[in-house]
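Here are a few exercises to try with the model open in your viewer. Have a go at each one before you read on to its solution.

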Amino acid sequence: MADIPHAHGARPRPLSPHLQIYHWSVTMVTSITHRITGVALYVGIVFIAWWLVAASMGPEAYGPFLAVAGNPLGQIVLFGFTWAAAYHLLNGIRHLAWDIGYGFVPKDAMWSGVVVVALSIIAAIGVFFWAYTVRMGGPVS
Amino acid sequence: MKSETPLHRVEGLGAAHSGTQHFWRERITSVALIPLTIWFGFAALALVGGRVVDVLTFFQRPWNAGLMGLFIITLLIHSVIGMQSVIDDYVQQPGLKVLSLLLNRGFAWLVGAICLVALLRIVS
């Protein structure tokens, strides 16, 4: 039960060792990161919505969007969303592989976690590198 | 796809108030989101640093508008299920739990409506 342990006036019950007791492993880090990136991307949908609405309302509304997306802070946030999306996508594929029974042996789950983290960073940097060089070198929207 | 177990149909709702449906829906949307997200990434890259006209002409192509609509809807369904599991895990107080679950759904309907209306305005 995930209930409050002392709720019913009983003697405090013994608790099992909690999170901070354990030595952090690759699978633990990738698991909680999947959740954190998921929640972050949930918020990121608002940004996509703003993009669409701004575009639909014409240049006067698109300007402020570009200003926010293009300034350094906006770029950092967008880089964060890009990395979060890359990570959640790649780690999601890892989860789907587990679901159909592949790679669930601890050793495999560990190295695939390292691969996912590395690839997500490469992908995010690659997207921004492309945006800044191949695409006219201007600010990214 | 029939994702309901016979036991669920017989017994109705269990302790989780639902059966395997959300589990399946989460996975089906995640598979669909693999190509859709990659498409969106390339679409966004193609429109980077551009003028509003480029965005409008891009979405005025039926394929792009359709894929964007699908992306938004699939993304929102997946997001609602994901956020619900986060709420189920961390929000313990019953009143607050119901409120957050409602807000979660409300967010998706609201954002979904806004995005689709914006898309329709661009297309028309």
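**Exercise 1.** Work out what share of chain B counts as buried, and describe the secondary structure of this chain.

*Solution.* Start with burial: in this predicted model, 19% of the 124 residues of chain B count as buried. Next, go through the secondary structure: chain B has five helices and zero strands, which gives the pattern α-α-α-α-α along the sequence. Finally, look at contacts in chain B with a separation of 6 or more: 60% of them join residues 24 or more positions apart.

**Exercise 2.** Decide how α1(A) and α4(B) are oriented to each other.

*Solution.* First get the geometry: helix α1 (residues 26–56) of chain A and helix α4 (residues 62–90) of chain B cross at roughly 130°, and their axes come within 10 Å. An angle over 115 but not over 145 degrees is neither roughly perpendicular nor roughly antiparallel, so α1(A) and α4(B) are oblique to each other. As for hand, the crossing is left-handed. On the α1(A) side, the contact uses R35(A), G38(A), V39(A), Y42(A) and I45(A); α4(B) brings L75(B), S79(B), G82(B), M83(B) and V86(B). Sorted by class, that's six nonpolar, three polar and one charged.

**Exercise 3.** Describe how α3(A) packs on α4(A), and say which classes of residue make the contact.

*Solution.* Take the axes first: helix α3 (residues 72–99) and helix α4 (residues 106–133), both of chain A, have axes 8 Å apart at an angle of about 145°. Their crossing is right-handed. Now pick out the residues: α3(A) contributes, among others, F79(A), W83(A) and Y87(A), while α4(A) offers residues including V116(A), L119(A) and F128(A). The full tally for this contact is 12 nonpolar, four polar and one charged.

Technical notes:
Residues are numbered from 1 along each chain as its sequence is written. Chains are lettered from A and ligands numbered from 1 in the order in which they are written. This is a predicted model: local features need pLDDT of at least 70, side-chain atom pairs count only at pLDDT 80 or more; totals for chains, interfaces and linings use all residues. Axes are lines fitted to C-alpha atoms, for helices over the stretch in contact, and angles run from 0 to 180 degrees between N-to-C directions. Helices (H or I, at least four residues) and strands (E, at least two) are DSSP runs, numbered from the N terminus. A crossing is left-handed if the near helix is turned anticlockwise from the far one by less than a right angle, and right-handed if clockwise. Two residues are in contact if their C-beta atoms, placed from the backbone, lie within 7 Å. Ala, Val, Leu, Ile, Met, Phe, Trp, Tyr, Cys and Pro count as nonpolar, Asp, Glu, Lys and Arg as charged, and the others, Gly among them, as polar. A residue is buried if 20 or more other C-beta atoms lie within 10 Å of its own, exposed if 12 or fewer, and partly exposed in between; C-beta atoms are placed from the backbone. Angles under 35 degrees count as roughly parallel, over 145 as roughly antiparallel, 65 to 115 as roughly perpendicular and the rest as oblique.
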